[in-house]
Amino acid sequence: MDTKTIKKETNTTQTTERISGSEAIIKCLLAEGVDILYGYPGGAIMPVYDQLYKYQDKIHHVLTRHEQGATHSAQGYARISGKVGVAIATSGPGATNLITGIADAQIDSTPMVCITGQVASHLLGSDAFQETDIVGISTPVTKWNCQVTKASQIPEAIAKAFYIAKSGRPGPVLVDITKDAQFEEFDFKYKKCKGIRSYNPIPKLDHKALEAAAKLINKAKKPMIVWGQGVILGEAEAQFKAVVEKAGIPAAWTILGASAMPTSHPLNIGMVGMHGNYAPNVLTNQCDVLIAIGMRFDDRVTGNLATYAKQAKVIHFEIDPAEIDKNVKTDVAVLGDAKQSLAALLPLLEEKTHPEWHQQFKDLYAIEYEKVIKNDIHPTKEGLTMGEVLQEINNQTKGDAAIVTDVGQHQMIACRYANFNKTRSNITSGGLGTMGFGLPAAIGAKMAAPDREVISISGDGGYQMTIQELGTIFQQKTPVKIVVLNNEFLGMVRQWQELFFDKRYASTEMTNPDFVAIAKGYSIAAQKVTKREELKDAVAKMINTDGPYFLEVCVEKEGKVFPMIETGASVSDIRLE
């Protein structure tokens, strides 16, 4: 490796190194504080892997069993740590296999940098072996992307990638690097990106809008908060809690916002949305001021927009201007970073308690408990329910575990019933609803937070979409705990078929393999539970096992998740049965 000193006009000196583009990539990652990356090698990215071999004492590469697994692992890493997750893949199918995870990260605002190899620049556009226009393909699902054809472009591209991925509303970026750029040598130096012309990730706080919001909140008789992941992404949990407590406002969460405030907090009134809690959904259409914080009014939250909170004044705290008035018309929009905005709001608020308003939530909760919750977590029927499995996990983890879910009925049950004491404890695929997310995301989460108990909860359908990542757990010895709630159906689709398609169970019944045998084939301790009396000891054994553990729980085949808002229905028309 050659070094030389360059004299600059300012009479200062800067040392550069003559290195290859592939080595420069590794040095850029190290400069950004990356200690773990997830990926899969191939021809067009092989020079980078050759350099990784040299730097394996400084940066840990995790060989996943599929590139999609690499992106979901990077997402899990990012979601629990707040850092940027990194995934790497070769060209062609390696790059295209990243797309599902990238799209998931985009809609769920997860900071992730993906680096892909590409055919040599002189072959671009020639349909060369494993050439794919990954920049074109990924453009709709990335926050930013670029293609690098010269080694000298690598430091600036990667610096911009990390800055864009993490700043403002986070998201995924992709840097595609041709193979000749990886081999080419140049004079390397790295400077972190601290700003980009015309890109303003954090809007300037408008104090007049803030004062208008405070005025509405102080006058409200029936205020209600709906918070989303923006509170977590903005690291605004303390400021949020202070606002909620001072103003005495009942606060409900979207699934990505869960855990920003402890489940046990008296002002935490539960989840909104299609399978959310009864009270916050019904009373959305009775509140006089609706305060949305760091959420985007997704259709699964709002139901029929024509009837959503029409009686209320709407205040929207949001970092992304594109979300303002996109779905729900706001009366006051407060643009800015959640932490800064809520800290500035706090001194403007009057101390309130709203006891009569809170009583309405308690009364509706009592109805939901009798008709739904009691039967979910304390069933009298013979078959095991998903809810009682979550309740047993709560009992034994005391709400300190990070729960990583796949997508389906088990996801809704986990979000409804898991207890969270700590922030960044609910890791799930929200906007895209990606089956197969859970297992690889749990791997990334456990690696990012080795001192935390990380439990992956999947259904038998989603689990099999990325079951090969058991190989990653085996090779890395990652002590993640895996729970599969097996009802031998694609449960959520089956529920819809029962309710809306006259029980025509078209292609939803699963003929499953021996999951325990498969886990043991990867040297993962495993157990299957079929009876209620086995559950407590089985969960205890899973929690107390030092290494990875697989627990299959056979639950009732035709269980349903309620409450439920039918597609196109109003949130106040939520069904309890």
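This passage walks through selected features of the structure shown above, which is a predicted model.

A good place to start is a pair of strands late in the chain. Strand E20, covering residues 525–529, runs parallel to strand E21, covering residues 549–554, and the two pair over five bridges. One of the pairings in this ladder can be picked out by name: Lys528 has Glu552 in E21 as its bridge partner. The two strands also belong to a wider unit. Together with helix H23, made of residues 532–544, E20 and E21 form a β-α-β unit, and its handedness is right-handed.

Charged side chains come next. Side chains of opposite charge can pair when their charged atoms come close. In this model, the count of salt bridges comes to 22. One of them joins Glu453 to Lys481, with 3.4 Å between the closest N and O atoms. Glu453 sits in the loop between helix H18 (438–448) and strand E18 (454–459), while Lys481 belongs to strand E19 (residues 481–486), so this salt bridge ties together parts that are 28 residues apart in sequence. The two partners have their own surroundings: Glu453 is partly exposed, at 21% relative accessibility, whereas Lys481 is buried, at 2%.

A further salt bridge is found between Lys557 and Glu488, whose closest N and O atoms are 3.5 Å apart. Lys557 lies in the segment after E21 and Glu488 in the loop between E19 and helix H21 (491–500), so the pair connects parts of the chain that are 69 residues apart in sequence. Lys557 is partly exposed, with a relative accessible area of 33%, and Glu488 is also classed as partly exposed, at 35%.

The segment after E21 contributes to another pairing as well. Glu558 and Arg494 meet through their side chains in a salt bridge, at 3.8 Å from N to O. This pair links distant parts of the chain, because Glu558 is in the segment after E21 and Arg494 is in helix H21, 64 residues apart. Here, too, the accessibilities can be compared with the cut-off: Glu558 is partly exposed at 42%, while Arg494 is buried at 0%. Salt bridges can also join up into groups, and Arg169, Asp320, Glu323 and Lys326 are linked in such a network.

The same segment after E21 holds Pro563. The peptide bond leading from Phe562 to Pro563 is cis, with omega near 0 degrees. Most residues other than glycine have a negative phi, and most peptide bonds are trans. Two serines are also worth a look in this light. Ser259 is not a glycine, yet its phi is positive, at about 90 degrees. Ser259 is located in the loop between strand E11 (251–253) and strand E12 (268–271), and is buried, with a relative accessible area of 5%. Ser507, again not a glycine, has a positive phi of about 60 degrees. Ser507 is placed in the loop between H21 and helix H22 (515–521), and at 71% relative accessibility Ser507 is exposed.

Another serine, Ser138, lies in helix H6, which spans residues 134–138. Ser138 is buried, at 0% relative accessibility. The side chain of Ser138 makes a polar contact of 3.0 Å with the side chain of Asn145. When neighbours within four places in sequence are set aside, Ser138 is in contact with Ile99, Asn145 and Leu174.

The cysteines can be described briefly. Across the whole structure, the search finds zero disulfides. Cys28 is in no disulfide, and the nearest cysteine sulfur, belonging to Cys146, is 12 Å away. For Cys114, the closest cysteine sulfur is likewise that of Cys146, and the separation of 12 Å is too far for a bond, since a disulfide requires sulfur atoms within 2.5 Å. Cys28 is buried, at 0% relative accessibility, and Cys114 is buried too, with a relative accessible area of 0%.

Finally, Gly195 is found in the loop between strand E9 (185–188) and helix H9 (207–219). Gly195 is partly exposed, with a relative accessible area of 44%. From C-alpha to C-alpha, Gly195 and Leu267 are 39 Å apart in space, and they are 72 residues apart in sequence.

How values were computed
Residues are numbered from 1 along each chain as its sequence is written. This is a predicted model: local features need pLDDT of at least 70, side-chain atom pairs count only at pLDDT 80 or more; totals for chains, interfaces and linings use all residues. Side-chain values use heavy atoms; hydrogens and water are left out. Helices (H or I, at least four residues) and strands (E, at least two) are DSSP runs, numbered from the N terminus. Buried means under 20% relative accessible area, exposed over 50%, partly exposed in between (1.4 Å probe, protein chains only). Two strands pair if DSSP finds at least two bridges between them. A crossover is right-handed if, with the strands pointing away from the viewer, the path from the first strand over the helix to the second runs clockwise. A salt bridge is a side-chain nitrogen of Lys or Arg within 4 Å of a carboxyl oxygen of Asp or Glu. A polar contact is a pair of N or O atoms within 3.5 Å; within protein, one must be able to donate a hydrogen and the other to accept it, and residues adjacent in sequence count only if both atoms are side-chain atoms. Contact means heavy atoms within 4.5 Å.
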